Every structure is written in structure tokens, then in C-alpha cells.
Amino acid sequence: MTLLSTSRRVLRYRIARALIIIFTIWNLAEIYLIQRRIYEADYTALRAQPQKQERIFIASINWNNELVLRSHWSKALIQLVTKLGPENVFISIYESGSYDNTKGALWELDWELERLRVPRNITLSPVTHEDEIAAPVTGEGWVRTPDGKTQLRRIPYLARIRNLSLLPLQDLARQGITFDKILFLNDVVFTRNDVLELLNTNDGEYGAACSLDFSKPPNYYDTFALRDSKGHEPIMQTWPYFSSAVSRHAMKNMSPVPVASCWNGMVAMSASPFVASPPLRFRGIPDSLAHYHLEGSECCLIHTDNPLSVEKGVYLNPLVRVGYSGAAYTAIHPMMNWLSAGRILQGLWVNRLRRLGITSWLKETVVRKRVNRWRALGTGNEEDGELCIVNEMQILHRYGWAHV
């Protein structure tokens, strides 16, 4: 009896040891393959100008961005324009009532662009957030908050500013001057090669292509606009981010990641929908829907409204990583692999465990119920961008914006 018990213990021990060995080998092999793909993509992939020469309309909105403009942004833009050729670009910048010396930094940039004979429009608006908030409550873009006040919504305001940056595109189109792509640039640290890689995403065939942005690595930044291929929010802010198998596997392979929506600091979009009739425009969800303590990013809704999102696809390019500071950019572009073995192992297993949870389902259920209540109020209450909507209310205030 003792001999039999000993034999069983030995067998269980050997089985457990074999399983541990198999588990370890499996994880090491997966880590090795992923790091190899990342290395090959980041360091051996050809980063060249897009194969075909394209005309690029570069649009940017700026508010209190003096620091990054002077330290990185303006220099990178000049290098990009020099590479693409001044004859192939138009730069449209809309600055909206900054409190720092963003206007001064843009004046200096304007002088450099003039020296290079770059066609452009740089608008420096004196209207501050405080002015916007103090305006009479008329038209759209206002919401009654739980404290009973009527306040200016952040997203319709941002949508309006973004649309103002596109006004020169329409004026040029009326003159017969057209562009292939629009490049939207946030206040991020980027390089010329980052943009060239972004423009060449999926060999240049896309409705939209986005970078991956970081403020405090390893967490990515733009949780508000990013949705995976099934329209769900990422289940984690660190790699590999997604619950959708299609999006997750593409991220592991460092290939263009199919998504439903993205922005993430830098976006390239086909220009044709923006000069169509009617033209594609940034927008917010209706005020009556926002009343239900809901909000949706204008940078997400633009993709749900864009007919080319379905026709050509929306992609996040993991090769293009931008930062909101020099330190953040450096952290995501180390000399060696940007994802360590530990980060990969942790990411894989945290992602697997989170896919078993129901947190995302519960969040989406809350939103869906509120949207359905709104829809039931009238036949005209329809919102095609439901995947963009989150359980938030955002208002503008003097020094930025706030949740209420």
C-alpha cells in the first residue's frame, strides 16, 4: 500500500513537472516570436516615403502648446514638409485662445514656412475658453448638468474648432486644388519618418490610419476614441490592448491593426469625403442624448460617419508611436525592443484573464439602455455612432475641461 501511494505521488509529481515545463516553453516561445516580429518591424522594415507621390493637407488645432511646439513639433513639421516638398502640402493651423505664448511659437513657425514658400493658413484666435463659456446660451452644444446649470459641452466645441481647421480645404477645392490625404496632427512629439510610415499604412489603402500615442508609457493615452474591430473599448491600456481576436492578433504581429475607430495623436485620412457633397464633418452626439450623462468623441464619430471606414478600413499602425513629451517619446523608442519580455508575458496573461470578465459588457449595457430610452422619445432620435458613446458628461471650463 505504501509502495502504491509512493508511485502515485511520483506520477503526480512527474505530470506536474511536465506541465510546468510545457507551460514555460510555450510562454518562452511566444515571447521570442513576438519580440522577433517587433524587432523586424521596428528595425529592419523599410521606412521610406510612400511609393506614390501624394498631396497632403496637414491640419492641426492648438491650445496652450507652446512647450511642445518649441521643443519638437515645429522642427518635425519643417522636416516633414521639406521631405514631402512644399508643392505637395498645405498646412492649416487653428489656434484657439491660448493662455501661454502658443501664438508666439506659431508666429515663428509661420516665418519658417514663409521662408520655405510653404502654402498655409495659420489662424490665431483671440477667443478663449472663458469667452466661449460666457457667450449667450444659443444654438447647439449646451447641456444641463446635474447641478441645474446649463454649460458648454466640450465635444461640440472641439468638433467646431476642428471643422474650422478644414475651411481652407474647401476653399482650395473650389479653386480646383485637391489633396489625396489629410494628416491630422495633435500636440505630440513625432518625427518625419513617423508620418511617412503612417501615410504608407496598408500600402496607402485605408479610410483612416492612426498612430499609437503615449503620455505615461507603457499606458497608451487615447482611451476615448480607440475601438477594436468589433467596436469595443480596449480592455487594457497596455499591450496588446484589445479583446477582439482580429485586432489583438494584428497587434502581436506588428501589422496594421483593423479597428472601428482611432485617433491616438496622429491620423491620416482620405481627403475625398471631406470635399464631397455633403462634406464629412466632425460633430458631437445630440445635446438631447448628452442629457442622459453620455458623451462620444468627435474623433470616434468621424469614423462612424465616414463611408470609407467600411469600404477601405480603419487601421492603427503599431509601428508609429508618438508621445506627448520628449520623455514619453524616448521611452517608446528605446535602443532595443520597445516591449520587454516581462511586458509581453504580463500583457498576454492579463489580456486573457480580462477577456473572461464582464466589465466591458456591463459598461456597454448601461450606455445601450440610456440610448434606447432616448430613441424611444422620438422617431428622429437616431445615432449611428453608438460604439463611440461612453458614460460621461464633459464640459468646457476656463483652463480646459471637466467631468460632471
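The exercises below, each with a worked solution, concern side-chain contacts and burial in a predicted model.

Residues are numbered from 1 along each chain as its sequence is written. Local features need pLDDT of at least 70 and side-chain atom pairs count only at pLDDT 80 or more, while totals for chains, interfaces and linings use all residues; side-chain values use heavy atoms, with hydrogens and water left out.

**Exercise 1. Classify the ring pair Trp73 and Phe190, and place both residues in the fold.**

Step 1. Rings of Phe, Tyr and Trp (its six-membered ring) pair if their centres lie within 6.5 Å; planes under 30 degrees apart count as stacked, over 60 as edge-to-face and the rest as tilted. A search of the whole structure gives 17 aromatic pairs.

Step 2. The centres of Trp73 and Phe190 are 6.4 Å apart and the planes stand at 80°, so this pair is edge-to-face.

Step 3. Trp73 belongs to helix α2 (residues 66-84) and Phe190 to the loop between β6 (181-185) and α7 (192-199), so the pair ties together parts 117 residues apart in sequence. Helices (H or I, at least four residues) and strands (E, at least two) are DSSP runs, numbered from the N terminus.

Step 4. Buried means under 20% relative accessible area, exposed over 50%, and partly exposed in between (1.4 Å probe, protein chains only). Trp73, at 1% relative accessibility, is buried, and Phe190, at 3%, is buried.

**Exercise 2. Determine which parts of the chain the salt bridge between Glu298 and Arg162 links.**

Step 1. A salt bridge is a side-chain nitrogen of Lys or Arg within 4 Å of a carboxyl oxygen of Asp or Glu. For Glu298 and Arg162 the N to O distance is 2.8 Å.

Step 2. Glu298 is in helix α10 and Arg162 in helix α5, so the contact ties together parts 136 residues apart in sequence.

Step 3. Both Glu298 and Arg162 are buried. Helix α10 (residues 298-305) is mostly covered, with six of its eight residues buried.

Step 4. At the N-terminal end of α10, Ser297 acts as a cap: a side-chain oxygen is 3.0 Å from the backbone nitrogen of Cys299.

Step 5. Arg162 also lies over the face of Phe282, 5.9 Å from the ring centre (a charge sits over a ring if NZ of Lys or CZ of Arg is within 6 Å of the ring centre and within 35 degrees of the ring normal). Phe282 forms one aromatic cluster with Phe184, Trp263 and Phe274.

**Exercise 3. Describe the salt bridges of Glu130 and Glu132 in helix α4.**

Step 1. The structure holds 22 salt bridges. In the one between Glu130 and Arg398, the closest N and O atoms are 3.3 Å apart.

Step 2. Glu130 lies in helix α4 (residues 129-134) and Arg398 in the loop between β15 (394-397) and β16 (400-403), so parts 268 residues apart in sequence are tied together. Glu130 counts as partly exposed at 38% relative accessibility, and Arg398 counts as partly exposed at 38%.

Step 3. Glu132 meets Arg160 in a salt bridge of 2.9 Å, N to O. Arg160 is in helix α5 (residues 154-165) and Glu132 in α4, so this pair ties together parts 28 residues apart in sequence.

Step 4. Glu132 is buried, with a relative accessible area of 13%, whereas Arg160 is partly exposed at 37%.

Conventions
Polar contact = N/O pair within 3.5 Å; in protein donor to acceptor, adjacent residues only side chain to side chain.
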